[in-house]
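This report is meant for someone meeting the structure for the first time. It moves from one small hairpin to the sheets, the helices and the cores.

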Amino acid sequence: MVIFGFYRFFMKKLLAIAAGILLLWQTSSAQQRLVADKIIGVVGDKIILKSDMDGALAEQIRNSPDEQLPPNAACMMMEMLISQKVMILQAERDSLPVSDGDVEGQLENQIRYYIDHVYGSKEKMKEITGYSVYQIRERFRTPIKERLLAQAMRNKIIDGVKVTPSEVKRTFDAIPKDSLKFYESELEIGTLVLQPKATKEMDQYAIDKLLEFKKRVQNKESDFSSLAMLYSEDPGVKENKGIYVLNRNDKNTYDPDFVAASFRLKEGEISNPIKTQFGYHLIQMVKRSGDNVTVQHIVVRPAITKSDLVTYTSKLDSIRKVILDGKMTFTEAVMKYSDAPSAKFDGGMLQSRTGDGSTLITIDQLDDPSEREIVMMLDTLKPGHISAPSQFLDEQGRPAIRIVFLKTRTQPHRENLSDDYSRIQQRTLEVKRADAINKWLLEKIPTFYVHVDDEYKNCNHINQWMSSIAKQ
């Protein structure tokens, strides 16, 4: 029987390896300059390179709290890489649906993430990795598709796996009492956000301002870059001067109206003011290259007046009264009224920073500037209560109004079935899913050609797999 620990690690970490692959360019490129790459495994027509192993282990070190690897890390990683290849091959056999649009969307999202949050600019990314954005797309399109195929196969394997209350209780009862986890106080917090809309007069003022900028550029009284640096309200303008490289598939990454307007322009042309969710934009086409365009923009946000804030505060107060009177639940009100982009996905509930989809958070996780005021409310807000409307600045620095709902608050405690049922249920489900994946792998691996380097043949699970293949 393959142990649960391996497959739990597999489920949570393996499919993230490809997602984090862009972060490994610097490390793997440096290694490959020094040592010729080597094939250390083959599954069907898929190969596993030494650089794949080194990059994955480097990623694991970065994600480890103490930056240390367990003694059997190489074996575990090779087992995971083989398992991933088997899932990819079976997904291809089963023709599981992974569209080109899904691949391109994931690819563009990851490139944008690493430009914005890891390297700081396209130029810095090219300097460090040695690749242009075009080369990156070509190099990593296949790994992204394979990650999505593996994810689709995993989802198919575990589809329908459920747990019963009795199974949850057996899982809890099997934990030694002195090994039960200790939890700090945790909270479930929801917010309903209204984003004040500017008046027509303020909209027109922003439009007129941009039209004046356009006229100044066309009359050669000013250049576009200088105006962007002086007047654009894009937070990134100081770093990139408002310059962005867009792909036709960027509608999932950027505002679709901004992308559509950009691709309508000819090289050197300046748009009329374009309205998006972020304000009004003046866009200049800098360069076209196939499905990519380089544009520079100036964004001006129509001003929100004190009168606007008063109006929206009154509106939100009325919504709060409807909830308090029991005519609508908080979640229903969020779905109907909230202007927060994530509201339709999370029902207004703040999400845990652990990335596990949990709504249980600790106070120290409320560290975003837009959330710090919520911390000040928690001393007086009781579970089940909703705060009065209050003004705050959202993640983009725009004024907004919100009410805060404290759904639950737990006291510090040892794990128990009453307070932590959902956690124990999730762990039980993971074990059952792991068993399903384990059974599937033992059935499928012998149906593929598998070869591994001698260095890994004595790894526990690889040894089992190779033995089962030999019996076929």
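## The hairpin of E1 and E2

Val-43 stands opposite Lys-46 in strand E2. The model in which this pairing is found is a predicted one. In the same strand, E2, Ile-48 has Gly-41 standing opposite, and strand E1 (residues 39–43) is joined to E2 by 4 bridges, with the two running antiparallel. The hairpin that E1 and E2 make has 2 residues between the strands, and in this hairpin Gly-44 takes a positive phi near 60 degrees.

Which residues of E2 lie on its covered face, and which on its uncovered one? Lys-46 and Ile-48 make up the covered face of E2, whereas Ile-47 and Leu-49 make up the uncovered one. As a general rule, side chains in a regular strand alternate between the two faces of the sheet.

The hairpin belongs to an open sheet of 3 strands, paired antiparallel, whose order is E2-E1-E12. Strand E2 (46–49) and strand E12 (450–452) are at the edges with a single partner strand each, so one side of each is left without a neighbour in the sheet. On average, and with direction ignored, neighbouring strands of this sheet are turned by 20 degrees against each other.

## The sheet of E4, E10 and E9

Another open sheet is formed by 3 strands in the order E4-E10-E9, and its pairing is antiparallel. Its edge strands are E4 and strand E9 (390–393), each of which pairs on one side only. From one strand to the next, the twist of this sheet averages 50 degrees.

Two helices pack on the sheet. Helix H13 (residues 306–324) touches E4, E9 and E10, while helix H14 (residues 330–337) touches E4 and E10. The directions of these helices are set beside those of the strands in the table.

| Helix | Strand compared | Angle between directions |
|---|---|---|
| H13 (residues 306–324) | E10 | about 25 degrees |
| H14 (residues 330–337) | E4 | about 35 degrees |

The pairing of E4 with strand E10 (residues 399–409) is antiparallel and extends over 8 bridges. Within E10, Phe-405 is the bridge partner of Gly-190, and Ile-403 of E10 has Leu-192 standing opposite.

Why is E4 described as largely enclosed by the rest of the structure? In strand E4 (residues 187–194), 8 of the 8 residues are buried, so the strand is largely enclosed by the rest of the structure. Both faces of E4 are covered, with Leu-187, Ile-189, Thr-191 and Val-193 buried on one side, and Glu-188, Gly-190, Leu-192 and Leu-194 buried on the other.

In strand E9, one residue to follow is Leu-393. When neighbours within four places in sequence are left aside, Leu-393 is in contact with Ser-370, Arg-398 and Pro-399. Leu-393 and Pro-369 are 24 residues apart in sequence, and from C-alpha to C-alpha they are 8.3 Å apart in space.

## Helices H3 and H4

Helix H3 (residues 50–63) packs with helix H4 (residues 73–93) at an angle of about 115 degrees, and the axes of the two helices are 10 Å apart. The crossing in which H3 passes H4 is right-handed. From H3 the residues Met-53, Ala-56, Leu-57 and Gln-60 take part, and they meet Ala-73, Ala-74, Met-77, Met-78 and Leu-81 of H4. Sorted by class, this contact of H3 with H4 has 8 nonpolar residues, 1 polar residue and no charged ones.

## Cores and the chain overall

The largest nonpolar core has 58 residues, and those with the most contacts inside it are Met-53, Met-78, Ile-82, Val-86 and Ile-462. Leaving aside neighbours within four places in sequence, Ile-462 is in contact with Met-78, Glu-79, Ile-82, Val-452, Tyr-456 and Lys-457. Apart from the largest core lies another one, of 16 residues, which includes Tyr-312, Ala-343, Ile-401 and Phe-405.

The protein chain has 18 helices and 12 strands, and of its 472 residues 47% count as buried. Among contacts in the chain between residues at least 6 apart in sequence, 67% join residues that are at least 24 apart.

Note on methods:
Residues are numbered from 1 along each chain as its sequence is written. This is a predicted model: local features need pLDDT of at least 70, side-chain atom pairs count only at pLDDT 80 or more; totals for chains, interfaces and linings use all residues. Side-chain values use heavy atoms; hydrogens and water are left out. A nonpolar core is a set of buried Ala, Val, Leu, Ile, Met, Phe, Trp, Tyr and Cys residues joined through side-chain atoms within 4.5 Å. Buried means under 20% relative accessible area, exposed over 50%, partly exposed in between (1.4 Å probe, protein chains only). Contact means heavy atoms within 4.5 Å. Axes are lines fitted to C-alpha atoms, for helices over the stretch in contact, and angles run from 0 to 180 degrees between N-to-C directions. A crossing is left-handed if the near helix is turned anticlockwise from the far one by less than a right angle, and right-handed if clockwise. Ala, Val, Leu, Ile, Met, Phe, Trp, Tyr, Cys and Pro count as nonpolar, Asp, Glu, Lys and Arg as charged, and the others, Gly among them, as polar. Two strands pair if DSSP finds at least two bridges between them.
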